[in-house]
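Colleague: I should like to understand how the terms used for a structure follow from its values. May we go through some of them together?

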Amino acid sequence: MAVNLLLGLQWGDEGKGKIVDVLTTDYDIIARFQGGPNAGHTLIFDGYKHVLHTIPSGIFHKTAVNVVGNGVVIDPVIFKKELDNLSQFTIDFKSKLLISRKAHLILPTHRLLDAASETAKGKAKIGSTLKGIGPTYMDKTGRNGLRVGDLEMNDWQEKYENLTEKHLNMLAFHGIELEYNLVELQKEFDEGIKRLKELTFIDSEEYLNNAMKNGKSILAEGAQGSLLDVDFGTYPFVTSSNTTAAGACTGLGIAPNKIGDVFGIFKAYTTRVGSGPFPTELFDEDGATMARVGHEFGATTGRPRRCGWLDIVALKYAVQVNGVTQLMMMKGDVLSGFDTLKVCTSYTYKGEEISHFPFNIEPENVTPVYSEFKGWSEDLTKMTTKEQLPQNLLDYIEFIEKEVEVPIKIVSVGPDRKQTILR
Ligand code: IMP
């Protein structure tokens with residue numbers, strides 16, 4: 001059976017957690033393939049709100065098995081907290097949450113290096129979540145990293161101490177004053193490792209390929225968004241992994257010809273948290289309204305998200321890079337009450353109008369060209385069928401579908417599982 005993918009098409013925070021949660025009833029296995037605790041996937045059901053960082057969003061479903069793939073980076077400290085936060089639910093983690101031996105570990109000193117690197121960059125900082133993601137992936141590609149499987153080896157402690165020492169030397173080299181207590185950090189880390197070792201470690205590529213042979217259905221859950229991809233995003237203001245479809249192949253050990261549907265999630269407008277270019281960003285009352293009505297604050301860091309109009313040039317680019325087969329539009333309800341809506345359909349770039357996503361999208365290079373739409377005033381949050389959706393919203397949806405050439409199959413009208421309209 002093929003593996004379906006679910007990916008964010010913008011700068012993250014599109015609402016992937018909610019949609020995975022809605023879709024999990026259809027799948028036997030949910031697998032995370034990249035990123036780490038920089039992600040914050042919010043799920044709301046039965047009056048509960050949960051934010052997951054590393055654990056896949058299928059964890060609340062009775063039968064789904066959740067796999068943390070080799071492409072993910074795990075911070076045992078945050079992971080333990082996540083598990084503790086789920087203690088009110090009776091979840092058998094040993095059988096429902098399986099961890100790839102090849103997933104890399106975030107050490108306390110990776111977090112310190114992240115902070116030092118960001119401070120050293122000054123104004124040019126990435127706006128990292130400071131979870132140690134970048135330094136951990138650097139150790140992975142630099143072939144210095146420690147993996148979950150190393151915890152089962154006799155020389156774990158020695159390897160850990162060597163890498164920590166190397167990191168401390170690197171910190172000294174940065175010359176940035178950071179306040180930390182290494183003894184405390186290591187104590188927390190050891191507790192996290194102890195908890196992690198209570199879970200089941202697997203050779204996840206073998207597990208997933210066998211599952212496919214046995215007809216099991218798999219959904220690969222992406223984190224962050226396509227415009228934060230280390231290759232295709234707005235480099236250097238990106239994360240350190242491949243957030244696009246190809247990342248699912250390398251992050252799970254699944255061959256490209258085993259990929260089936262690619263579900264692309266986007267918000268009806270655009271948000272971004274952290275630094276970096278954002279052509280359709282709004283600095284006026286409209287942007288403030290989106291932020292207020294949409295509760296646009298980072299699920300991991302609590303930072304306010306920057307808001308702007310939908311950018312179809314960027315959306316088309318993400319659809320193309322990922323081979324998206326179905327779209328899911330989130331937060332249409334947030335746009336209720338705007339008299340006029342704008343959608344960016346092309347850019348003016350070096351005096352020319354272009355419709356592709358160019359190398360430079362900084363304000364000095366790119367000016368968005370907009371099409372305007374009539375807004376709608378109806379409250380969408382109580383709507384349950386597509387027949388109830390206002391005509392102006394349907395016009396907005398149909399315009400996007402025509403531009404992007406992919407159908408919008410789900411329209412989400414609120415954060416709860418139930419506020420999901422199928423088309
Ligand atoms: P890092 O991945 O923590 O190094 O952060 C790099 C950039 O990606 C920063 O601009 C972050 O704000 C952004 N970022 C990382 N993870 C997420 C996410 O899950 N949602 C939205 N933005 C993210």
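Modeller: Certainly; the model is a predicted one. An oxygen atom of the ligand lies 3.0 Å from a polar backbone atom of Val273. Taken alone, the ligand exposes 470 Å², and the protein buries 96% of that.

Colleague: What makes the pair formed by the ligand and Asn38 a polar contact?

Modeller: A polar side-chain atom of Asn38 is 2.9 Å from an oxygen atom of the ligand. The cut-off for a pair of N or O atoms is 3.5 Å, and the value of 2.9 Å falls within it, so the pair is a polar contact. Asp13 offers a further case: an N or O atom in its side chain is 3.1 Å from a nitrogen atom of the ligand.

Colleague: Which residues are the closest to the ligand, and how many surround it?

Modeller: The ligand is surrounded by 15 residues, the closest being Asn38, Thr129, Thr239, Val273 and Arg303. The shell divides into six nonpolar, seven polar and two charged residues.

Colleague: Why is His41 called buried?

Modeller: The relative accessible area of His41 is 5%. Buried means under 20%, and 5% satisfies this, therefore His41 is buried.

Colleague: Where is His41 placed, and with which side chain does the side chain of His41 make a polar contact?

Modeller: His41 belongs to strand β3, which covers residues 41-45. Its side chain makes a polar contact with the side chain of Glu221, at 2.7 Å. Leaving aside neighbours within four places in sequence, His41 is in contact with several residues, among them Lys16, Arg32, His50 and Glu221.

Note on methods:
Residues are numbered from 1 along each chain as its sequence is written. This is a predicted model: local features need pLDDT of at least 70, side-chain atom pairs count only at pLDDT 80 or more; totals for chains, interfaces and linings use all residues. Side-chain values use heavy atoms; hydrogens and water are left out. A residue is near a molecule or strand if one of its heavy atoms lies within 4 Å of it. A polar contact is a pair of N or O atoms within 3.5 Å; within protein, one must be able to donate a hydrogen and the other to accept it, and residues adjacent in sequence count only if both atoms are side-chain atoms. Accessible areas come from the Shrake-Rupley method with a 1.4 Å probe; for residues, only the protein chains shown count as cover. Ala, Val, Leu, Ile, Met, Phe, Trp, Tyr, Cys and Pro count as nonpolar, Asp, Glu, Lys and Arg as charged, and the others, Gly among them, as polar. Helices (H or I, at least four residues) and strands (E, at least two) are DSSP runs, numbered from the N terminus. Buried means under 20% relative accessible area, exposed over 50%, partly exposed in between (1.4 Å probe, protein chains only). Contact means heavy atoms within 4.5 Å.
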